[in-house]
Amino acid sequence: MPLTPLPLHDPGSPDLTTPLGFLRWLSRSQRRGQVLATCWGVLEMGCQAALPLALGLGIQGAVDGDTDAILRAAALAVLLAAVQATGTVLLHRQAVWNWITCAAHVRQLVARQASRLGAGLSSRIATGEIVAVSSGDVEKIGWYVELTARVRAAVIVWLGVSLVVLVRQPLLGSAVLLGVPVLAASVWPLLGPFERRYAEQRALGGKATELAADTVAGLRVLRGIGGEKLFLDRYRAASQKVRGAAVRAARIWSLMQAQQVLLPGLFVVGVTWYGAHLAATGQLAIGELVAVYGATAFLAAPLRILGEAAHAWSVARVSAGRATRVLALRRTADTAAADAALTRPERSDLHDPLTGLTARAGRLTAVVCGDPDFAGTLAARLGGHVPRADGEQPTPSVRLGGTPLDRVPLADARTAVLVHDKEPVLLSGTLAELLDVPGAGRVDLADALAAARAEDVLDALVDGSPECDGDPMRARITERGRSLSGGQRQRLALARALVADPPVLVMDEPTSAVDAHTESRIAAGLRKLRGGRTTVVLATSPLLLDQADTVVLIQDGRVVADGTHRDLMADEPRYRAVVTREDDPTPTPGAPATGRTPEEAVCASQEG
């Protein structure tokens, strides 16, 4: 079997209409693997079912004293055993391949969806839900898709055994032909209760995972305020709910397992008793009795596979429903097709019709939001790929040069507009790998690091990575940059954004974790390096605002004032209240409405 490199270049467009449609699409996407697994399953189970025939021929030869018949039966048994062993190995190999391929398909689809929606994904689906879909649900879906081939093989072999017995003994053949589907159908009344209990367990498990993820992400804050015990108690309570739901689901599953053992056992006993009666009355030879008994006992294997398939179907349908919920999310306007194209984005204005914000091409625009939480939402909107909440009416898309960004292919939109998050993520690896991002080539790596004032960060990386031999580009960065301080992580992320050199760069509080002196130098470097490029900075720092060509104030989701930082500080009390954190935006009667220098504003905000 040739190895297939994963992930695939294009996993395709899945059927997301229903969970069953999604499972069918996954099966169709690996037709060759499904056909091969079915063939190897038929070979393995067919030989297993035929072994009692060889044994029966040998016993009948011994009864008749026919040495040649005994030898022929022994040779047939050895051949069947060898072929069965080969089929078992090939079936297992193909089944594992099908399982891994299916799981890789689903994981790749989920990862692609997360990449498409970006930070907006967390506003629609909890982080714990994404983790659960990418881990436990993927395994359940892969299990079911892999099992479908074995179910087909079991049905084919059952029909073949039934046909053989039906020819030899019509009554026994009819019992075998009709008894297996009846026994298989007996488990279906338990599937409904099991599926409901498993769905409850799955939902509670997702909430517990979400709580754990939130706790780990905020562990440093929890330790600072002494809240570890509170969240530990909450997680214990959530875990106990998951345990209780799992026990309730296991009770139903244990009944299903007991049923799969008891009913086929009774069926085999009944068929064997009737066969023994026929043998006692001379209607059936001893060898044929052994063959019939062996074939009937073999039918317990297809029944186990059918029971396993019923269980897999129950859990896979729940998991597929959650996976399709994640994969069905679309971009802001849910447009039918991305058919627009951007022309000269570096010379186009960025306009948000919802807030009235316009960032002029080639200029540094600073945005001050009266609501700090709105800044992150606005930054995501300016990127043009924020999913709206369920039931929410579509909002007008952000336009770049008059072209709606949500009608532009995602890759083109992200190439034109880069959104630098307030808390950017640093992946583990070397510094060279971190800064190896697609860019215009206009900004040199050394210039980007200098503008971000990351000199001390490079020294810290060298000190923490003796294996780099003094080369900071070879220094290792731990997962999420946890070995660095918040300010160091922020400056490395800023350097990465500057190296990319997009036509439009949107930054949300890029210097919130650095001191005032460093922030002042970063502001000057940012203005110099981004000269001629469209840059939007969402911030309230006077040091950044003073470097902007235009400052825009947004209150209650709308632009209410614009101008330079110094003019707004002098003439706009609402602006002054946000920047200096004054309690009362109304100036004192008789007091001069003069603006402060950036340094004075910083001091005032720190004292406040």
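In what order do the six strands of the open sheet lie, and what is the pairing? The close-ups below start there. This is a predicted model, in which local features need pLDDT of at least 70 and side-chain atom pairs count only at pLDDT 80 or more, while totals for chains, interfaces and linings use all residues. Residues are numbered from 1 along each chain as its sequence is written, and side-chain values use heavy atoms, with hydrogens and water left out.

**View 1. The open sheet.** Its six strands follow the order 6-9-10-3-11-12, with mixed pairing. At the edges are strand 6 (417-420) and strand 12 (558-563), each pairing on one side only. Neighbouring strands are turned by 20 degrees against each other on average, direction ignored. Strands (E, at least two residues) and helices (H or I, at least four) are DSSP runs numbered from the N terminus, and two strands pair if DSSP finds at least two bridges between them.

**View 2. Strand 3 and its partners.** Strand 3 (residues 364-369) runs parallel to strand 11 (residues 550-555), joined by five bridges. Four bridges link strand 3 to strand 10 (residues 534-538), also in parallel. Look for L364 opposite T535 in strand 10, and for A366 opposite V551 in strand 11. Six of the six residues of strand 3 are buried, so this strand is largely enclosed by the rest of the structure. Here, buried means under 20% relative accessible area, exposed over 50%, and partly exposed in between (1.4 Å probe, protein chains only). L364, A366 and V368 cover one side, and T365, V367 and C369 the other.

**View 3. Helices across the sheet.** Helix 16 (residues 486-500) lies across strand 6 and strand 9 (504-508), at about 175 degrees to strand 6. Helix 20 (residues 573-580) lies across strand 3, strand 11 and strand 12, at about 90 degrees to strand 11. Axes are lines fitted to C-alpha atoms, for helices over the stretch in contact (heavy atoms within 4.5 Å), and angles run from 0 to 180 degrees between N-to-C directions.

**View 4. Around T355.** T355 sits in the loop between strand 1 (350-352) and strand 2 (357-359). At 0% relative accessibility, T355 counts as buried. Its side chain makes a polar contact with the side chain of D352 (2.9 Å). Such a contact is a pair of N or O atoms within 3.5 Å; within protein, one must be able to donate a hydrogen and the other to accept it, and residues adjacent in sequence count only if both atoms are side-chain atoms.
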